Every structure is written in C-alpha cells, then in structure tokens.
Amino acid sequence: MEGQGLRAGFTIDAPPPLHMSEPLRRTAFNRLFAVVYFSAILALLYRHVRNLFLHPTTSFLSFSITLSLFISDLVLAFMWASAQAFRMSPIRRKEFPQNLKRIIKDKDFIGLDVFMCTADPYKEPPMNVVNTALSLMAYDYPTEKISIYVSDDGGSVLTLCAFMEAAKFARHWLPFCREHNIMERSPHVYFCSNYQHPSSPHFDKIKMMYEDMKVKVEHVIDKDEVTDEYITDHQQRQAFNKWTKSFTRMDHPTVIQIMNHEQIILDKSHDKDISGRLMPNLIYVSRGKSKTSPHHFKAGALNVLLRVSAVMTNAPIILTQDCDMYSNDPQTPLRMLCYLSDPALKSSLAFIQFPQRFHGVNKDDIYDNEYKLPFEINPMGLDGLKGPNYVGSGCFFRRLALFGDPSTPVAPEIPELSPEHVVNKPIRSQETLSLAYHVASCNYENETKWGSKTGFRYGSLVEDFYTSYRLHCEGWKSLFCNPERAAFLGNVPITLFDGVNQCKRWCIGLFEVAFSKYSPLTFGSQYMGLLMSLGYSHYAFCSFWCIPVTFYSFLPQLTLLNQVSIFPKISEPWFFLYVFLFLGSYGQNFLDIILVGGTVRRWWNAQRMWMIRGLTCNLFASIEYLLRSLGISTYDFCLTSKVVDDEQSKRYGQGIFEFGVPSTLFVPLTVAAIINLFSFLSGLTGFFSGNNMEGLGLQMILTGFIVLNYLPVYGAIALRNDAGKMPTQIIIISTFVSLALYYASSLCL
C-alpha cells in the first residue's frame with residue numbers, strides 16, 4: 001500500500017489514517033501489453049510506408065487509397081499512444097471519514113462556498129435547480145460553514161421565486177434529514193425513491209410541504225403576482241419591480257438579489273431552522289451583461305461568483321456543481337477534508353475531483369451516457385501522475401489555486417478578493433453589498449488578469465478542461481476521489497440528438513485548446529511532462545477520431561462493392577497483424593470497462609457510440625472549427641435541455657434509439673449505414689456465388705461488424721413508425737448521397 005495519508009503506519013498513540021492509495025493490479029499487464037501493441041503498430045506503419053514509397057503503385061487511385069489508410073492508422077496510433085498515459089500508473093484511493101472527527105473538531109472545519117450556475121429556466125427547470133441546492137445545504141457539515149451561491153444568467157423570475165420558496169422549505173427539510181439520517185437529501189429523489197419511508201405524521205407533513213412548494217413554483221408565471229405574494233416590504237418590492245423590468249435586456253445592470261431572511265436569502269449569522277440550528281447562506285446572483293463586453297458563458301459566471309463570494313464569505317474551499325447534479329452522499333465534504341487535512345498533500349493540491357455519475361440511465365446505457373472512460377477509468381490513470389482534469393461539476397477547489405501558481409500567487413486588484421482576506425463585515429452591510437455589486441459588474445474584468453492568470457480560464461467552451469490544464473501547467477496537482485457510493489448524481493440526455501449535440505460543443509471547445517498557444521503537445525509537454533501532456537492531448541484532439549472512423553466506414557465498403565481488395569489476404573501473415581490490432585484494442589477496452597463494474601452490453605453500446613460520435617459530433621465539430629478558423633462561420637453556446645418528454649422517456653427506458661430530429665448530424669451516419677448494408681449484402685452474394693473472396697475477407701469482416709453496430713439505425717429507417725424514427729428528409733437525402741458515392745466509386749474503381 002502506498003500513500004496512507006496522515007501517519008498511515010501509525011503507532012498506538014498516532015491518529016488514525018484519513019486516506020490511503022494503492023496502484024491497480026493490472027498496471028504491470030498494461031505496460032507489457034503497451035510494448036507488444038506498440039511493436040505491432042510499428043509493423044503496420046512500416047507496411048504502409050513500404051507500399052507508399054518502397055513499392056509505389058502506378059495508379060494514382062491506389063496510391064490515394066493507401067495514403068488514406070495510412071493517415072487513418074496514424075491517427076489511430078496517436079490516439080492509442082496518448083491513451084497509454086491513463087494506463088501507466090493508475091491508482092485507487094480510499095478515504096476514512098469516520099476517523100475525521102477524532103482528529104478535527106466541528107468548529108475547526110474549513111468554510112465551504114458552493115457555486116451553482118443556471119441559465120435557462122425552460123431547459124433547466126427551477127425545481128431541479130432547487131432540489132440540487134437543498135441537497136447541498138443538507139450536508140453532514142456544520143451549516144454555519146456553508147454558503148450556497150446561485151448564478152442565474154437567465155435572470156429568470158421563476159428561478160428567483162423558486163429559491164424564495166426553497167429557503168422556507170429548507171428550515172424544515174434540514175432538521176428532517178438530520179433526524180432521520182437519510183442519504184437522499186434531494187427532496188424529489190427522496191420522495192420518489194422506493195426505500196421504506198418512516199410512517200409518521202412528520203413524514204406526511206414534510207412531504208406535503210414539498211408538494212406545496214412544487215405547486216407554487218410551477219404556477220408562478222405573472223411577475224405582478226409574484227411581487228404581491230413574495231415581496232412584503234415596500235422598498236424590496238420597488239427593487240424587485242425594477243429588476244424584473246430589466247432582466248430581459250442584454251445590458252441590464254448587475255443585480256445581486258438579496259432578500260431578507262423571510263424571503264430568498266438565508267443569512268447564517270442569524271437565520272435558524274425549526275430546531276434552532278443556524279442555516280447556511282443562500283445567495284442568488286444575476287450578473288450584468290453588455291453587448292460590448294464578452295461574458296464568457298459559464299466561466300464568466302463562475303468568476304463573478306468567485307469575486308462575490310470573496311467579498312461576502314471568502315471560504316477557503318469552493319465546490320462547483322452543475323444545477324442538475326444533486327448530492328447523493330451527505331458525507332462528501334468529509335471525504336474532501338480527509339485529503340485537505342493532510343499537510344503532505346495540501347501545499348500543491350489545487351482541487352479534488354469526484355466522478356460524474358448519473359441516475360435514470362437505462363439498463364444497457366444505449367447512448368454511453370456514463371462515459372466510463374473519461375469520468376472514471378482515465379481519471380484513475382491521471383491520478384497516478386499529477387491528477388485528473390476538472391470535469392465541470394463535483395469538484396472541490398482550494399480558492400488559493402485560482403490565484404496563481406503554488407509558489408508565486410497573483411495578487412488581485414483589490415485586497416478584498418485575496419484568498420487570504422478575512423471577512424469581518426455582515427453580508428447584508430451596505431459596504432459589503434456595494435462592493436459585491438462592483439466586482440460583479442459586466443466591465444469589472446476589463447484590463448485585469450481574470451480569465452488568463454486568475455480565476456476560471458477563458459478561451460474555450462470547455463472552461464473546466466482548460467482551467468485544470470492551466471493549473472497543472474502552473475505546478476498544481478489534483479486528486480480523484482471515487483467512493484463506492486456516488487457523491488453526486490445528475491441527469492442524462494435521453495435522445496441521441498441531445499447527446500451528440502452536447503458532445504459536439506465539447507469537441508469544439510477541446511479544439512480551441514488543442515490549437516491554442518497553450519497546446520498540450522507543445523506547451524503542456526514543457527510544463528507537465530510527457531505523460532500528462534499526452535493525457536490532455538488525448539482529450540484535446542479527440543475529434544480526430546472522425547478521420548479513421550469516416551475512412552473505415554466508407555472506403556473498404558465502396559471498394560468491396562466494386563470487388564477491389566485493399567487489405568491483406570486471409571492467407572498472408574499481415575492478415576493476422578490486422579486481427580491482433582483490432583482484437584487487442586477492443587479487448588483492452590472491454591477489460592477496462594468490465595473491471596469498473598460495466599457489463600458486456602454496456603461495453604458494446606459504448607463502442608457503438610464511439611463509432612456514432614465519429615460520424616456525428618466529432619466530424620461536425622471538426623468542420624465547424626475549421627470554418628470558424630477561416631472566418632466562414634461561428635457557433636453559439638447552446639444548453640442541453642434537461643426537460644423530459646414522456647414518450648421519449650418511455651422509449652429510452654425500453655432501450656430504443658431516439659432520432660426524431662431532422663438534423664444534418666444524422667446524414668453521414670445514415671449514409672454509412674446504407675452503404676455498409678449494401679456492401680455487406682453484395683459481399684455475401686459474391687461469397688455464395690462461388691467468387692474468390694479471399695482478398696476481400698477483412699473488408700467483409702469490417703463491414704459486417706459495422707452493420708451489426710448500426711442495427712438501431714436500420715430499425716429507425718425501416719421498421720418504426722413512432723416519433724423517434726429517422727426523419728424522412730434524412731432518409732431521402734442519405735439515399736441520394738449513398739447512390740452518388742457508389743456511382744462515383746464505380747467510375748473511379
């Protein structure tokens with residue numbers, strides 16, 4: 001065992017351990033397999049080079065086909081090599097939160113500021129956001145140490161009023177959670193769960209209160225009605241009316257909507273629940289935006305919260321949380337403290353990342369929503385190096401890490417924003433509120449280091465990935481905390497379009513990092529070392545998967561239709577090299593997923609989605625980024641909808657793919673499905689007709705494998721009549737494109 005935390009090899013008088021770590025047992029196998037597999041890759045590349053340059057063909061078409069396969073295999077080789085960073089030194093950690101209070105008293109627990117961001121009440125229903133906030137407020141942690149900051153970029157009256165009601169309900173909900181020691185502290189999840197609930201008037205009362213709150217929130221539409229019902233103080237009513245008239249304007253002034261203790265805000269200095277215990281702070285923020293100043297999407301919202309919280313509470317630890325990802329374990333902050341209480345780790349530790357896990361995933365996870373590789377397997381690999389990347393939610397930051405490198409902190413513009421600043425004024429004081437308004441204004445960051453050297457970093461749509469990358473380059477480290485019980489659970493897209501559209505946005509953001517002056521291949525290798533730079537490069541260049549996926553989805557199939565061999569014959573030794581490379585890659589991926597609790601069907605769906613993403617989000621992200629780089633087009637940030645349609649939800653639960661949307665994203669996928677099917681049928685016809693198919697064996701195997709993966713696409717094209725079938729426009733367009741490709745290939749071949 002390695003790294004057992006606070007005096008892990010402790011004596012009788014020494015304190016008990018708070019954490020431990022150990023290398024994964026398959027590490028030695030991974031390293032040995034990497035050597036063997038790398039040798040096979042070199043042999044394959046040698047074959048391509050020999051065919052291209054040592055034994056060149058006279059045909060330009062043959063040269064083009066060989067060159068295309070060479071490029072595809074080079075990309076596959078790069079992606080495989082970069083993925084080895086995750087397999088060289090993986091470790092598993094374990095915490096012992098039950099030992100924490102034997103070492104640290106409650107009053108000595110460090111403060112915790114929680115950041116939540118929402119932007120659109122129609123795509124992110126306020127009741128979902130409220131449930132997440134309530135689950136975080138109910139942590140098994142001193143409530144007077146917790147402050148919840150909610151950033152609402154949508155400036156929604158509905159969201160604002162939802163939190164007004166949540167503040168009232170929280171006075172009853174928090175004592176109820178403590179009294180019954182419940183684990184599901186999101187009210188919605190708790191009341192909908194199948195666990196045995198206590199049969200008592202107290203339970204019935206709290207459930208009725210929750211349903212009451214839900215009804216009020218979902219029926220709040222008219223602003224005048226909201227004002228009369230929720231705002232009782234005359235001055236507050238005037239402020240509220242002024243705000244609601246301006247929230248729809250792009251240049252509306254910054255508003256930090258802070259109501260008294262009976263309304264939206266909870267002030268931990270004197271607000272108490274029904275049991276007499278202090279409540280956490282609850283602060284709603286709607287930042288200002290201007291058409292003349294960039295607002296930097298989520299990164300900008302987080303930096304506003306970083307500054308506002310510095311003025312009001314300035315807790316040393318910050319938890320960033322997606323608004324739809326509720327707390328599933330009330331002891332999560334204690335697990336975080338198990339690491340931050342270790343002096344050996346604290347000096348260079350920037351953040352502790354918990355894995356993103358999800359509820360509502362169907363039995364076989366048809367869309368690979370769990371993302372086992374980037375959210376669970378790969379972070380264990382990076383944890384053995386400098387630590388995992390930040391994934392946007394479920395991450396505890398040290399505030400200090402967002403202000404420069406470990407040895408030379410960057411001083412903020414005013415001392416009140418410094419991580420070392422001690423807040424000694426009430427959050428309701430006029431001085432505190434005025435300063436909070438100032439640091440949240442839309443032009444505050446002009447000519448400052450915010451977004452470049454301090455705070456969450458600007459320059460990419462994936463601000464989480466980019467921020468952690470820059471922190472690692474600055475010398476900070478991170479940890480991956482993966483307890484058996486999920487710390488957080490979130491929603492998943494239940495349609496294919498939502499899933500690949502979300503992924504496309506990530507891919508564009510990753511390209512922005514890959515081709516910036518801070519590219520992981522160049523800048524990263526100088527400041528993080530080879531393995532960490534390879535790990536970040538694997539993500540940054542992930543859209544390059546579209547190159548081999550596209551070539552291997554069309555080229556072997558079109559040549560098979562024309563009876564042209566492009567791979568070795570079954571009788572040749574090179575045939576077995578291709579088979580080994582295919583089975584080796586898929587086999588190792590299968591082993592990785594099974595060893596973290598996956599199933600065969602979930603692995604199959606994960607590799608199918610890798611293929612689908614290659615022809616959808618990876619391909620279109622590459623095209624969009626290229627066009628934008630040439631100044632031809634731009635793209636806008638678009639939220640993934642968290643609103644659930646009943647019919648779509650039913651089909652998702654049954655494991656049926658949801659297409660439905662006539663999006664161009666589905667055209668390459670449908671074209672590939674059509675061409676592969678007819679190519680495979682053509683090959684089978686030739687085989688049963690007695691034709692010599694030896695030279696086409698690999699093409700037949702590959703095409704048949706792809707056809708097997710595309711069975712849901714064929715069902716959506718021809719066998720379904722529900723709203724989730726493939727749209728007729730997409731089928732017609734794809735059919736014409738398929739015929740055009742076949743005609744062009746027959747002329748060339």
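Begin this tour of a predicted model by selecting helix α14, residues 463-473, where D464 is found.

**First stop: the annotated active site**

D464 is one of two positions, with D153, that an unreviewed UniProt entry gives for the feature "active site". With a relative accessibility of 14%, D464 counts as buried. Display the residues around it: beyond its neighbours in sequence up to four places away, D464 touches Y390, V391 and G392.

Select D153 next. This residue sits in the loop between β4 (146-152) and α4. Is D153 buried or exposed? At 17% relative accessibility, D153 counts as buried, because the cut-off for that class is under 20%. Its contacts, leaving aside neighbours within four places in sequence, are T118, A119, R287, K289, F297 and A301.

**Second stop: the annotated binding site**

Now select K298 and D322, which the unreviewed UniProt entry lists under "binding site". They span 25 residues in sequence, yet their C-alpha atoms are no more than 10.5 Å apart, so the two gather at one spot.

K298 belongs to helix α9, residues 297-312, while D322 belongs to strand β6, residues 317-322. What joins the side chains of D322 and K298? They make a polar contact at 2.9 Å.

Extend the selection to the surroundings. Apart from neighbours within four places in sequence, K298 is in contact with C117, D322, G392 and E463. On the same terms, D322 is in contact with T132, K298, Q356, G392 and S393. G392 therefore appears in the contact list of K298, in that of D322 and in that of D464 from the previous stop, a contact being heavy atoms within 4.5 Å. D322 is partly exposed, with a relative accessible area of 21%.

**Third stop: two residues with positive phi**

Move to the loop between β9 (357-358) and α12 (372-383), where D368 is placed. Y371 lies in the loop between β9 and α12 as well. Which sign does phi take in D368? D368 has a positive phi of about 55 degrees, although it is not a glycine. Y371, likewise a residue other than glycine, has a positive phi near 45 degrees. As background, most residues other than glycine have a negative phi. D368 is buried, with a relative accessible area of 10%, and Y371 is buried at 12%.

**Fourth stop: the nonpolar cores**

Select W173 and Y710. These are the residues with the most contacts inside the largest nonpolar core, which has 162 residues. Which helix gives the most to this core? Helix α4, residues 157-180, does so with ten residues. Colouring by domain is useful here: domain 1 (24-86 + 525-630 + 646-748) and domain 2 (109-492) both give residues to the core, so it lies between them.

Centre the view on Y710. Not counting residues up to four places away in sequence, Y710 touches S553, M611, I612, L615, L669, A672 and A673. A second, separate core has 35 residues, including C117, L302, M312 and L417. C117 has been met before, as a contact of K298. In soluble globular proteins, nonpolar side chains tend to be buried together.

**Fifth stop: helix α21 and its partners**

Select helix α21, residues 617-629. Its 13 residues reach 18 Å from the first C-alpha to the last, close to the 18 Å expected at 1.5 Å a residue. The buried residues of α21 are C617, N618, L619, F620, A621, S622 and Y625. Against which helices do they pack? Show α15 (496-514), α18 (546-561), α20 (600-615) and α23 (666-688), against which the buried residues of α21 pack. After α21 comes G631, with a positive phi near 80 degrees.

**Last stop: T670**

Finish in helix α23, where T670 is found. T670 is buried, with a relative accessible area of 0%. Its side chain reaches the backbone oxygen of F666 at 2.7 Å. Leaving aside neighbours within four places in sequence, T670 is in contact with I717, M726, I730 and S734.

Conventions:
Residues numbered from 1 in each chain as written. Predicted model: local features only at pLDDT ≥ 70, side-chain atom pairs only at ≥ 80, totals over all residues. Heavy atoms only, no water. UniProt positions renumbered as here; feature names shortened; annotations may be inferred. Helix = DSSP H or I, 4+ residues; strand = E, 2+ residues; numbered from the N terminus. Buried < 20%, exposed > 50% of the residue type's maximum accessible area, 1.4 Å probe, protein only. Polar contact = N/O pair within 3.5 Å; in protein donor to acceptor, adjacent residues only side chain to side chain. Core = buried A, V, L, I, M, F, W, Y, C linked by side-chain atoms within 4.5 Å. Domains from an automatic or database assignment. Expected span 1.5 Å × (residues − 1).
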